[in-house]
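Here are a few exercises to work through with the model open beside you. Try each one yourself before reading the solution.

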Amino acid sequence: MSKKMVTLNELLEIKDFAERVTLVNKHGNLNNQITHVTIMEGPDLHEWVTGGEFVLTTWYAFSKSPDLQEDGFKKLAPRISAIGIKTGRFINKIPLKILQLADQYRLPVFEVKTAVKFRELVQTITSEIQNYQTNMLIEVEKNYQKLIHTSLNSDDLASLVNVLGNQLHKNCFCLNHEGRILASWSRRGTRKQDFLDWTEKIKTGFNERIYTDAGFFINELHIFECYARSQLIGRFIIVAEGQLTEKERLIGQQGASFLAIKLWDHYETLQKTVERFWKEIKNGEIKSGEVIAEKLANLGFVQQKAYNLILFSKGSHNISNYLIDRFLIEEEKFYILLCSSKEALTSINIFKKYNKEQSKIAAAVISPEFTELERIKEHYEMSVNVIRLLYKLHISGVRKAEEWLPFSLLMHCRNTSEYNFIKTTVLDKLQEYDRRYQSSLLDTLSAALRENSLEDAAERQHIHINTLRYRLGKIKEITQKNYFKMTDRYFLLLCIMIQRMEHEQL
């Protein structure tokens with residue numbers, strides 16, 4: 001059996017350590033693990049530690065500025081495993097308030113004798129740490145060989161997870177890229193529902209994850225991502241309160257690497273099935289809602305009462321990493337998400353956080369809600385037209401396809417006789433009048449059509465309501481279109497939309 005990680009209890013059993021220090025507080029946790037030793041004197045000690053340190057200090061900085069010591073120690077205590085303070089040089093005794101604070105955080109405080117050289121303590125502690133690390137690496141290497149043997153003799157993911165679980169003695173499990181459990185190892189008393197709850201916690205808490213040097217964690221879930229060919233294809237999760245030991249982190253990384261090899265076949269097969277299914281939808285080869293529902297069910301998608309399609313533009317970072325446990329299809333320029341209307345808002349919020357985190361300028365288009373699956377193709381084509389329009393306009397953020405359909409519809413009518421008639425008989429005449437007389441008929445018309453009332457439009461234009469009415473009358477005189485007549489107003493609206501399209505060179 002390998003040696004346990006170095007703890008303070010073990011250090012106190014070493015004569016060279018115990019003779020040089022004295023434990024001076026009552027409630028320090030002597031089971032704290034020590035990973036390295038740090039000698040520090042600055043008042044900002046807390047900014048330079050990463051966890052697991054045995055800090056040695058003469059208290060020099062705080063002896064010069066005693067008003068800083070309590071606040072500084074409060075920030076330092078939760079971040080380290082122990083502290084040794086030398087007395088007889090800059091302070092005669094360790095302040096009582098510091099000992100009281102240390103007990104609150106269960107941080108062991110050692111008084112270092114005046115004659116003791118810090119290098120002597122460093123050597124003693126470091127020797128123990130190196131001894132542990134040597135034994136730990138030997139054991140991790142043995143685990144590596146077990147994983148190789150299992151991987152060569154079995155295609156079963158569960159076999160690999162069993163090797164990892166037996167080594168870790170902690171609940172652990174493997175998810176595919178869609179967030180579904182493929183294999184797990186459980187301790188006695190763990191329920192199947194616990195794994196489902198942990199999976200849901202990953203899905204809902206993904207944006208609150210905290211990164212480490214070996215992956216990230218969400219509460220008690222330590223997550224190692226499985227990559228193959230630069231593609232995220234799964235995750236290996238270790239369930240453990242608090243920080244993982246160095247050995248556990250190394251085993252987690254080993255597990256992710258070996259699982260990625262096995263997950264690739266599963267991922268590639270599923271992706272080909274999804275791509276084939278989506279191609280059949282786009283080509284109109286599948287038109288029956290019942291057939292679509294059956295194929296979606298085979299792919300793990302649960303039938304819903306109402307659906308939305310959401311198109312996400314691509315960036316340098318992969319948003320599919322954020323939208324786990326969702327039916328996502330990848331195309332050349334965007335991702336397509338099929339989800340329930342209930343899930344649509346959640347997915348949009350994830351996209352917004354993704355944009356903020358990655359400082360992205362990306363667009364997302366959400367289709368109108370639909371209940372019949374045979375309408376997927378219609379909503380897809382509608383959303384594609386809108387997102388392409390947003391690309392041309394350099395518009396980012398989340399947009400509803402329905403609000404952009406008039407522009408999309410006009411794009412299809414461009415260069416038709418109807419389009420050109422509106423342009424030449426209405427738009428061109430108003431533009432020519434504005435140029436000749438330096439007026440603002442088109443701006444006034446746009447405001448009148450956009451606002452809820454003429455009063456609001458006049459306020460927007462910073463003009464009197466009578467001036468606005470005069471301009472609408474001038475528009476009627478030039479184009480023969482009466483703003484106050486419904487059919488003519490629609491005609492004028494098309495004119496404004498064409499103006500924007502021409503201006504943006506769509």
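**Exercise 1.** Which residue in E4 is the bridge partner of Leu 56?

*Solution.* Keep in mind that this is a predicted model. Start at strand E3, residues 53-57, and look across to strand E4, residues 82-86: the two pair in the parallel sense over four bridges. Leu 56 has Gly 84 in E4 as its bridge partner. Now turn to E2, which also pairs with E3 in the parallel sense, again over four bridges. There, His 36 is matched with Glu 53 in E3.

**Exercise 2.** Work out how well E3 is covered, and on which faces.

*Solution.* Recall that in a regular strand the side chains alternate between the two faces of the sheet. Sort the residues that way: Glu 53, Val 55 and Thr 57 go on one side, Phe 54 and Leu 56 on the other, and all of them are buried, so both faces are covered. Count them up: five of the five residues are buried, so E3 is largely enclosed by the rest of the structure.

**Exercise 3.** Is Asn 25 buried or exposed, and what does Asn 25 touch?

*Solution.* First find Asn 25, in the loop between strand E1 (21-23) and strand E2 (36-39). Its relative accessible area is 6%, and buried means under 20%, so Asn 25 counts as buried. Next, list the contacts, leaving out residues up to four places away in sequence: Leu 99, Ala 102, Asp 103, Leu 107, Pro 108 and Val 109. Finally, check the polar atoms. The Asn 25 side chain makes a polar contact with the side chain of Asp 103 at 3.1 Å, and a polar atom of the Asn 25 side chain lies 2.8 Å from the backbone oxygen of Leu 107.

**Exercise 4.** Lay out the open sheet of six strands and say which helices pack on it.

*Solution.* Write down the order, E7-E6-E11-E10-E9-E8, with antiparallel pairing. Strands E7 (181-185) and E8 (210-212) each have a single partner strand, so one side of each is left without a neighbour in the sheet. On average, neighbouring strands are turned by 25° against each other, direction ignored. For one pairing up close, take E6 (residues 172-176) and E11 (residues 231-239), antiparallel and joined by five bridges; Cys 174 has Phe 236 in E11 as its bridge partner.

Then add the helices. H8 (residues 192-204) packs on the sheet, touching E6, E7, E9, E10 and E11, with its direction at about 55° to that of E6. H9 (residues 246-282) lies across E6, E7, E10 and E11, and runs at about 140° to E11.

Note on methods: Residues numbered from 1 in each chain as written. Predicted model: local features only at pLDDT ≥ 70, side-chain atom pairs only at ≥ 80, totals over all residues. Heavy atoms only, no water. Pairing = 2+ DSSP bridges. Axes fitted to C-alpha atoms, helices over the stretch in contact; angles between N-to-C directions. Contact = heavy atoms within 4.5 Å. Buried < 20%, exposed > 50% of the residue type's maximum accessible area, 1.4 Å probe, protein only. Polar contact = N/O pair within 3.5 Å; in protein donor to acceptor, adjacent residues only side chain to side chain.
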